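Hi there,

Here is the structure I promised to pass on to you. Have a look at it first, and then read on for what turned up.

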Amino acid sequence: MLEHEQELWQQGKRLIAGVDEVGRGCLFGDVVAAAVILPQGLVLEEVDDSKKLSAKKREELYDKIWDEALAVGIGVVDVATIERINIKQASRLAMKKAVEALSLEPDYLLVDAEKVEVACEQLAVIHGDALSQSIAAASIIAKVTRDRMCLKWDTDYPEYGIAIHKGYATKMHRERIAEFGPSAMHRKTFLKKIAVEQQVLF
């Protein structure tokens, strides 16, 4: 998990930020990104791709990452912007916001399969959240942040079960949309793709 970081440290890059986003494939809610700069040489044994970890373990590691990190930045892009500029560009914008929110200026970015539009050297790492500790840490911060937002959204829109499926296109979620129609927080462009399947006009 530190191969990319070690190579950069050997080149004299000290402040390496891992960057990742969560919520790109959801039907509901904002997309959230995080950027994390960890101390050189730090090994966080249990840090891994957030999708491979239990919710309890992610919460534990979230606190540990915040305690150990030199800097953490979070970027959020709302549904209206996602609809206006498309989800790919919204994900990149969330990453940009996360990097710009860091309290320290990074020397280099390791990004999960994307390019961040900032003036900083960077590398897009395919499956980066499984290959880089820095990106994995960012994925955990982003995932826990968004999951906590989902709990709030669930109280605002209780009929959809957001706390359970986190806005993804599960069978339950699609059924609830068919029953209740879309909310103001649903991504209408995403819903059009499943409208034929659901036989519902959005």
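Is Cys150 buried or exposed? Cys150 is buried, because its relative accessible area is 0%, and the cut-off for buried is under 20%. Please keep in mind that all of this comes from a predicted model.

Staying with the cysteines: Cys120 is buried too, because its relative accessible area of 16% falls under the 20% limit. As for cross-links, a search of the whole structure gives zero disulfides. Cys150 is in no disulfide, and the nearest cysteine sulfur, which belongs to Cys26, lies 6.7 Å away. A disulfide needs the two sulfur atoms within 2.5 Å, so that pair does not count as one.

Now to the sheet. Five strands make up an open sheet with mixed pairing, and their order is β3-β2-β1-β4-β5. The edges are held by β3 and β5 (122-125); each has a single partner strand, so one side of each is left without a neighbour in the sheet. On average, neighbouring strands of this sheet are turned by 20° against each other, with direction ignored.

Taking one edge at a time, strand β2 (residues 31-37) pairs with β3 in the antiparallel sense, over seven bridges. If you want a spot to zoom in on there, Ala35 stands opposite Gly73 in β3. Although β3 is an edge strand, five of the seven residues of β3 (residues 71-77) are buried, so this strand is largely enclosed by the rest of the structure.

At the other edge, strand β4 (residues 108-112) and β5 run parallel and are joined by four bridges. Here the place to look is Leu110, which stands opposite Leu123 in β5.

Finally, something for your grid tools. How many cavities of 30 Å³ or more does the structure hold? There is one, and the volume of the largest cavity is about 50 Å³. Its lining is made up of Leu2, Glu5, Trp9, Arg14, Ile16, Leu38, Pro39, Gln133 and Ser134. The elements that contribute two or more residues to this lining are α1 (3-10) and α6 (133-156). Sorted by class, the lining of the largest cavity has five nonpolar, two polar and two charged residues.

That is everything for now. Happy browsing, and do write back with any questions!

Best wishes

Key. Residues numbered from 1 in each chain as written. Predicted model: local features only at pLDDT ≥ 70, side-chain atom pairs only at ≥ 80, totals over all residues. Heavy atoms only, no water. Buried < 20%, exposed > 50% of the residue type's maximum accessible area, 1.4 Å probe, protein only. Pairing = 2+ DSSP bridges. 1 Å grid on protein atoms, 1.4 Å probe; cavity = no way out; pocket = protein on both sides within 12 Å on 5 of 7 lines; lining within 4 Å. Points joined across faces, edges and corners; volume = space filled by probe spheres on them. Nonpolar A, V, L, I, M, F, W, Y, C, P; charged D, E, K, R; others polar. Axes fitted to C-alpha atoms, helices over the stretch in contact; angles between N-to-C directions.
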